[in-house]
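Colleague: I am new to this structure and would like to begin with one part of it. Please choose a single element, go through it closely, and then place it in the rest of the chain.

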Amino acid sequence: MKLNNPEVSAQSFPAVNRQALWVYVVTAIGFVASISFTPYPGSMILKAVPIITLMFIVWVTLSGTLRAAMLVALLFSAVGDVCLEVGVFLAGLGTFLVAQ
């Protein structure tokens, strides 16, 4: 997928992806707004949901090697978020390093 692909625009973005993008935005803002209240029940889930939503968008939008690479990177990012939330800093740091 090229960055300047004329076939990809806001109008051609499938409705399911727009809904998933809203889920991403709402959960990401919800997590940032709730940081001062951590730890709380469900904070780990709220931290991982935005990345999992991005994984869904990548799955339905991209294809081939690019999709596989992005999914692996996002998976390691989600695992890194969970590791940091649980308090396993070095494992979280390592998974973010692999995601890069």
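**A close look at helix α2**

Modeller: Isoleucine 45 is exposed, with 58% of relative accessible area (exposed means over 50%, buried under 20%, and partly exposed in between, for a 1.4 Å probe and protein chains only). This isoleucine belongs to helix α2, where helices (H or I, at least four residues) and strands (E, at least two) are DSSP runs numbered from the N terminus. Before going on, please keep in mind that this is a predicted model, in which local features need pLDDT of at least 70 and side-chain atom pairs count only at pLDDT 80 or more, while totals for chains, interfaces and linings use all residues. Residues are numbered from 1 along each chain as its sequence is written, and side-chain values use heavy atoms, with hydrogens and water left out.

Serine 43 lies in α2 as well, but this serine is buried, at a relative accessible area of 5%. Leaving aside residues up to four places away in sequence, serine 43 touches Phe31, Thr38 and Glu85, a contact being heavy atoms within 4.5 Å. Glutamate 85 can also be set beside proline 39: these two are 46 residues apart in sequence, yet their C-alpha atoms are 8.3 Å apart in space. Proline 39 sits in the loop between α1 and α2 and counts as exposed, at 73% relative accessibility.

The partner to follow next is helix α3. The axes of α2 (residues 43–61) and α3 (residues 64–86) come within 9 Å and cross at roughly 180 degrees, where axes are lines fitted to C-alpha atoms, for helices over the stretch in contact, and angles run from 0 to 180 degrees between N-to-C directions. The two helices are therefore roughly antiparallel to each other (over 145 degrees; under 35 counts as roughly parallel, 65 to 115 as roughly perpendicular and the rest as oblique). On the α2 side, the residues that meet α3 include Ser43, Met44, Lys47, Ile51, Leu54 and Trp59, and among those they meet in α3 are Arg67, Met70, Leu74, Asp81, Val82 and Glu85. Sorted by class, this contact has 15 nonpolar, two polar and four charged residues, with Ala, Val, Leu, Ile, Met, Phe, Trp, Tyr, Cys and Pro taken as nonpolar, Asp, Glu, Lys and Arg as charged, and the others, Gly among them, as polar. Isoleucine 45 and valine 82 are 37 residues apart along the sequence and 8.1 Å apart from C-alpha to C-alpha.

Helix α1 can be approached through valine 26, which is found there and is exposed, with a relative accessible area of 54%. The C-alpha atoms of valine 26 and proline 50, 24 residues apart along the chain, are separated by 8.5 Å.

Helix α3 also leads on to α4, since α3 is part of what covers the buried residues of α4. Those buried residues are Gly92, Thr95 and Ala99; seen down the axis of α4, they fall within an arc of 65 degrees, so they line one face of the helix, the arc being that of the directions from the helix axis to the C-beta atoms. The face turned away from this buried side carries Phe89, Leu90 and Leu97, which are exposed.

Stepping back, the protein chain has four helices and zero strands, and 25% of its 100 residues count as buried. Among contacts between residues at least 6 apart in sequence, 42% join residues at least 24 apart. The mean pLDDT of the chain is 84, with 86% of its residues at 70 or more, pLDDT being the predictor's confidence in each residue, from 0 to 100. Where pLDDT is low, the predicted coordinates should not be read in detail.
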